[in-house]
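User: Please take a close look at the place where the ligand sits, and then show me how that place fits into the rest of the chain. I am in my first year, so please go step by step.

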Amino acid sequence: MKRTVIMMLDSFGVGAASDAQAFGDLGSDTFGNIAKACAEGKANDGRQGPLKLPNLAKLGLALAAKESTGKMPQGFSDDVEIIGAYGHADELSSGKDTPSGHWEMAGVPVLYEWGYFSDLTNSFPKELTDKILARAGLSDYLGNCHASGTAILEELGEEHMRSGMPIFYTSADSVFQIACHEESFGLEKLYELCIIAREELEPYNIGRVIARPFVGTGPSDFARTGNRRDYAVEPPAKTVLDKLKESGGEVVSVGKIADIYAHCGITQKVKATGLEALFDATLDQVKLAGDRTLVFTNFVDFDSHYGHRRDIAGYARALEYFDSRLPEILALLDDDDLLLLTADHGCDPTWPGSDHTRERVPVLAYGAGLTAGSLGLRNSFADIGQSIASYFELEPMEYGTSFVG
Ligand SMILES: O=P(O)(O)O[C@H]1O[C@H](CO)[C@@H](O)[C@H]1O
Ligand SMILES: [Mn+2]
Ligand SMILES: [Mn+2]
């Protein structure tokens with residue numbers, strides 16, 4: 001039986017990419033800087049001391065990070081029995097965003113430039129917002145700036161509830177985000193507004209519209225919910241997901257994977273909210289998975305709850321929790337199965353601002369007869385897609401070099 005499981009730790013970079021300088025991200029290192037803060041006792045909220053990830057370390061995480069940065073992350077050691085093949089990968093795609101990272105790891109790098117709303121304030125053209133508002137029957141909107149999605153709720157959430165005006169904001173990514181209260185504005189109405197925005201944004205080449213629903217009564221208790229929805233454009237070519245599906249295989253999306261690939265190449269969708277539920281759902285799907293199945297989970301909380309929020313202790317806590325549950329996945333795998341663990345970009349919680357960081361990602365591969373040891377620096381995340389194509393004996397992808405078979 002041949003099955004692949006991808007555990008995609010959203011934003012878990014292992015050090016600045018070769019081209020990080022062009023992004024202002026030289027020195028960013030999500031894993032290394034979290035490990036450093038932990039070792040220095042600066043991440044003791046809800047956890048204590050040096051970062052402990054013994055199961056990820058066995059898969060080669062710390063050695064991959066050392067090869068990426070030239071330095072072993074603090075609290076980790078070379079002296080570990082390695083059971084997997086480990087590498088680190090640079091990104092070919094032009095952007096450090098979620099769709100670019102995901103599409104590239106599925107064999108389709110984004111070599112064109114996305115559109116961006118680069119102005120920090122007055123970010124959106126009036127012509128665009130006028131069209132969206134007119135079609136949605138709304139008189140005006142709030143925001144119109146770059147913002148952290150939680151900070152903007154504190155600032156504008158109450159006004160939104162009073163006025164019924166949606167909050168439009170963006171970031172360094174190619175995104176148009178809409179925050180609305182689930183009850184006072186309405187969830188379905190928010191989704192409809194996002195679909196209108198998606199259509200009107202077509203000429204702007206924007207990667208994603210994101211619905212950001214929230215609940216609560218005021219700045220002290222506003223909270224975003226699991227009903228977030230991403231409306232991505234379709235990948236520019238067939239990904240390895242499409243190819244596996246076309247060959248009669250199963251592609252199971254856990255979490256927001258389906259949204260990120262604009263529902264292309266997916267045969268089944270499983271929703272779950274939060275790290276624990278996403279992990280549980282992954283285990284359930286691996287138990288159910290038959291031959292020629294890919295179970296693909298996006299663990300979004302690393303990015304959205306901790307990376308963007310610059311919450312170092314929270315990120316460390318989440319990593320330690322994830323690590324503690326890894327043996328449960330390993331126990332479900334047969335010898336022929338392939339486990340891949342990776343990330344889509346960085347989001348260093350010690351870095352200024354609240355945006356992603358241009359980083360290399362870990363490529364940890366286990367099972368499928370792979371020899372334990374280093375896979376070195378990979379030039380593209382597409383090596384993952386190419387390896388999956390080779391593993392399932394699909395037609396090769398245009399990009400990437402397989403490390404399997
Ligand atoms: O600050 P929040 O709303 O979490 O948004 C972040 O999440 C988006 C998707 O990763 C990024 O573009 C960034 O804006
Ligand atoms: Mn991401
Ligand atoms: Mn993000």
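Analyst: Helices and strands are here DSSP runs, of at least four residues for a helix and at least two for a strand, and they are numbered from the N terminus. With that in mind, and remembering that this is a predicted model, we can begin with the elements around the ligand: strand 5 (175-181) and helix 11 (301-307) each supply at least two residues of the shell around ligand 1. The residues that surround ligand 1 are Thr 98, Ser 148, Gly 149, Ser 171, Asp 173, Val 175, Gln 177, Arg 212, Asp 303, Ser 304, His 308 and Ser 354. Sorted by class, this shell has eight polar residues and three charged ones, along with one nonpolar residue.

The next step is to ask where the ligand lies with respect to the domains. The domain assignment divides the chain into domain 1, which is made of two stretches (3-111 + 236-391), and domain 2 (126-232). Because both domain 1 and domain 2 give residues to the shell around ligand 1, the ligand lies between them. The centres of the two domains, taken over C-alpha atoms, are separated by 28 Å, and their contact takes 13 residues from domain 1 and twelve residues from domain 2. On the side of domain 1 that touches domain 2, there are five polar and five charged residues, together with three nonpolar ones.

For the chain as a whole, an unreviewed UniProt entry lists residues 2-395 under "domain: Metalloenzyme". In the model, this span is 35% helix and 19% strand, and its end C-alpha atoms lie 16 Å apart.

Two loop residues deserve a careful look at their backbone angles. Most residues other than glycine have a negative phi. Arg 310, however, has a positive phi of about 50° although it is not a glycine, and its place is in the loop between helix 11 and helix 12 (312-332). Since 17 other C-beta atoms lie within 10 Å, Arg 310 is partly exposed. Asn 122 likewise has a positive phi, of about 45°, without being a glycine, and it is found in the loop between helix 4 (98-105) and helix 5 (126-136). Asn 122 counts as exposed, because it has 10 C-beta neighbours inside 10 Å and the limit for that class is 12 or fewer.

Notes
Residues numbered from 1 in each chain as written. Chains lettered and ligands numbered in written order. Predicted model: local features only at pLDDT ≥ 70, side-chain atom pairs only at ≥ 80, totals over all residues. Near = placed C-beta within 6 Å. Nonpolar A, V, L, I, M, F, W, Y, C, P; charged D, E, K, R; others polar. Domains from an automatic or database assignment. UniProt positions renumbered as here; feature names shortened; annotations may be inferred. Contact = placed C-beta atoms within 7 Å. Buried ≥ 20, exposed ≤ 12 C-beta atoms within 10 Å, placed from the backbone.
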